[in-house]
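Below are a few comments on the packing in this model, set out as numbered points. Please read them beside the coordinates.

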Amino acid sequence: MQSKENSGIKKAAILLISLGPDISAQILRMLPDAMIQKVTYEIANTEYVEPQERERIIEDFMDMASAREYIIDGGIDYARNLLTKALGTVRAKEVMDVLTQIQQREMPFAILRKADTHQLANMLSNEHPQTIALIMCYIQPDKAADVLSLFPHELQTEVAERIGVINRTSPAVIKKIESILQNKFSNIIESDAENIGGVKTLVEILNSVDRTTEKNILNDLEKTQPELAEVIKANLFVFEDIVTLDKSSIQRVLREVDNEQLVLALKGASEEVATVVYANLSKRAADTVREDIEFMGPVRLSTVEEAQHKIVGIIRRLEEAGEIVIGRGDSDSIIV
């Protein structure tokens, strides 16, 4: 099996072959020497590329380039919404996941972004407050908040003040500090460790099991870890999953949803979701919803998500009552 790095190098080689020698030469000049060697070796050993594979890799590159542009224009949420509308929910998630991984690798202090919160707080507590403040600006905001809360009160205040007045910092200074910290902490931080498990993984598993297994697990969790059970239930079925329901189930759900709620929910939905919903409304109702969306002004993302969450609540309530069926694992058969 190819490693992720080898797979990426192979794709880079095929992309450069596809772009031709002039453009490829310009790109290669911008790569690190070690990467140039790996990519050129792969190019030299690539005798033939299937047209379909070449098209797929170019398409992947274009999607990634568009995603980066969207992030620059309006941030992560803006990029995710645009990609979802352009590519569909599944493909948009794939692009955003890859882009997030790339960004985290490119961002300064990547090794510290992977560190455990308590471990990071212990390591940084003896550093100069200005260094700590600079690092806080580059690690995840939630992790920075957790680390800050673990510092002594005096250090919390000093670091917060310095974060507030940081305007710009020389890339050379950042690189120097990063190099020092990497040498200092590389043996302590397991930089290659991957985060596994967690709520997201459990939700993905439960969404695939049969309904009986899901109920048994959730019932037990409600007794032992009620807070975890609530979080899992809230994430088990998302609004975009409405496309997986059969027509009669979608129509049953839509009868329970008022027009205002539906308009708000579809305001931030992908084209795929909107098409499925419109197909299950009467022509007159579908035209009315389209018009309402068209004439609706800007809406907060939180308002859209709240409307979608309410519809998900209706879906789960109807499933509990046995009025609709949510597709599950193979063992979740329907008896007629």
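**Packing notes**

1. The buried residues of H16 pack against H15, H17, H18 and H19. Buried means under 20% relative accessible area with a 1.4 Å probe, protein chains only; contact means heavy atoms within 4.5 Å; helices are DSSP runs of H or I with at least four residues, numbered from the N terminus. The buried set of H16 consists of Gln-261, Leu-262, Val-263, Leu-264, Ala-265 and Leu-266.

2. This is a predicted model, in which local features need pLDDT of at least 70 and side-chain atom pairs count only at pLDDT 80 or more, while totals for chains, interfaces and linings use all residues. Residues are numbered from 1 along each chain as its sequence is written, and side-chain values use heavy atoms, with hydrogens and water left out.

3. The largest nonpolar core (buried Ala, Val, Leu, Ile, Met, Phe, Trp, Tyr and Cys joined through side-chain atoms within 4.5 Å) has 29 residues. Among those with the most contacts inside it are Leu-262, Leu-266 and Ile-315. H15 (247-256), H16 (259-267), H17 (271-279), H18 (283-295) and H19 (301-320) each supply at least two of its residues. H19 gives the most, six.

4. Beyond four places in sequence, Ile-315 is in contact with Phe-237, Ile-242, Leu-245, Val-253, Ile-324 and Ile-326. Another core, of 21 residues, lies apart from the largest one and includes Leu-120 and Met-136.

5. The charged end of Arg-290 sits over the ring of Tyr-278, 4.1 Å from its centre; the criterion is NZ of Lys or CZ of Arg within 6 Å of the ring centre and within 35 degrees of the ring normal.

Definitions and conventions. Buried < 20%, exposed > 50% of the residue type's maximum accessible area, 1.4 Å probe, protein only.
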